[in-house]
Amino acid sequence: MSVKLASDELLNTPLSTLIDLWLTRYGNEWVDLETVDDDEFFSKVFKQLKSMGELEVHYLTDRTRYVCRRPE
């Protein structure tokens, strides 16, 4: 099932709801950003959570990839 949400609707979604959605999908585990970017909805959620300081993002030099997670 694909969820479409306009960017302005996403901005009006409570932060706690976005966090709950993220945790339901990815938990507190490190996630490859390619995985997130491949999902239209969660790429928008990622951008919103990152802009609010709710996600950690790190670059793994040994894998040349970015990963992110929601800190516990």
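What follows is a walk through this protein chain, from its overall layout down to a few individual residues.

Keep in mind that this is a predicted model. The mean pLDDT of the protein chain is 88, and 89% of its residues reach 70 or more. Confidence bottoms out in helix H1 (residues 7-11), where the mean is 68, and it peaks in H2, at 95. Where pLDDT is low, the predicted coordinates should not be read in detail. With that caveat in place, on to the layout.

The protein chain has four helices and three strands. Read from the N terminus, the order is α-α-β-α-α-β-β. Of the chain's 72 residues, 31% count as buried. The accessible surface adds up to about 5000 Å², and carbon and sulfur atoms hold 48% of that. As for how the chain meets itself, take the contacts between residues at least 6 apart in sequence: 53% of them join residues at least 24 apart.

Helix H2 is a good place to zoom in, since confidence is highest there. H2 covers residues 15-26, which makes 12 residues, and its first and last C-alpha atoms are 16 Å apart, close to the 16 Å expected at 1.5 Å a residue. Which residues of H2 are buried? They are Leu18, Ile19, Trp22 and Tyr26. Viewed down the axis of H2, these buried residues fall within an arc of 100 degrees, so they line one face of the helix.

Right after H2 comes Gly27, with a positive phi of about 65 degrees. Gly27 sits in the loop between H2 and strand E1 (31-32). Is Gly27 buried or exposed? Its relative accessibility is 19%, and the cut-off for buried is under 20%, so Gly27 counts as buried. Setting aside neighbours within four places in sequence, Gly27 is in contact with Trp22 and Arg70. There is also a link to the far end of the numbering: the C-alpha atoms of Gly27 and Arg69 are 42 residues apart along the chain, yet separated by 8.0 Å.

That brings us to Arg70, found in the segment after strand E3 (65-69). Arg70 is buried too, with a relative accessible area of 17%. What does Arg70 touch, once residues up to four places away in sequence are left out? The list is Ile19, Trp22, Leu23, Gly27, Asn28, Glu54 and Leu55. Two of these, Ile19 and Trp22, also belong to the buried set of H2. With Glu54 there is something extra: the side chains of Arg70 and Glu54 are joined by a polar contact of 2.9 Å.

Now for helix H4 (residues 40-51). At 1.5 Å a residue, the 12 residues of H4 should span 16 Å, and the end C-alpha atoms come out 17 Å apart, which agrees. At the start of this helix, a side-chain oxygen of Asp39 comes to within 3.0 Å of the backbone nitrogen of Phe41. The buried residues of H4 are Phe41, Phe42, Ser43, Val45, Phe46, Gln48 and Leu49. Gln48 has a relative accessible area of 15%. Apart from neighbours within four places in sequence, Gln48 is in contact with Leu11 and Leu18. Leu18 is one of the buried residues of H2, while Leu11 falls in H1, the helix where confidence is lowest. Just after H4, Gly53 takes a positive phi of about 75 degrees.

The last stop is the pair of strands E2 and E3. Leu60 belongs to strand E2, and at 24% relative accessibility it counts as partly exposed. Not counting residues up to four places away in sequence, Leu60 touches Arg65 and Val67. The C-alpha atoms of Leu60 and Asp32 lie 28 residues apart along the chain and are separated by 10.0 Å.

Between strand E2 (56-60) and E3, the loop holds Thr64. Most residues other than glycine have a negative phi, and most peptide bonds are trans. Thr64 has a positive phi of about 45 degrees although it is not a glycine. Thr64 is exposed, with a relative accessible area of 57%.

Key
Residues numbered from 1 in each chain as written. Predicted model: local features only at pLDDT ≥ 70, side-chain atom pairs only at ≥ 80, totals over all residues. Heavy atoms only, no water. Helix = DSSP H or I, 4+ residues; strand = E, 2+ residues; numbered from the N terminus. Buried < 20%, exposed > 50% of the residue type's maximum accessible area, 1.4 Å probe, protein only. Contact = heavy atoms within 4.5 Å. Areas by Shrake-Rupley, 256 points an atom, 1.4 Å probe, with all protein chains shown as cover. Expected span 1.5 Å × (residues − 1). Arc of directions from axis to C-beta. pLDDT = per-residue confidence, 0-100. Polar contact = N/O pair within 3.5 Å; in protein donor to acceptor, adjacent residues only side chain to side chain.
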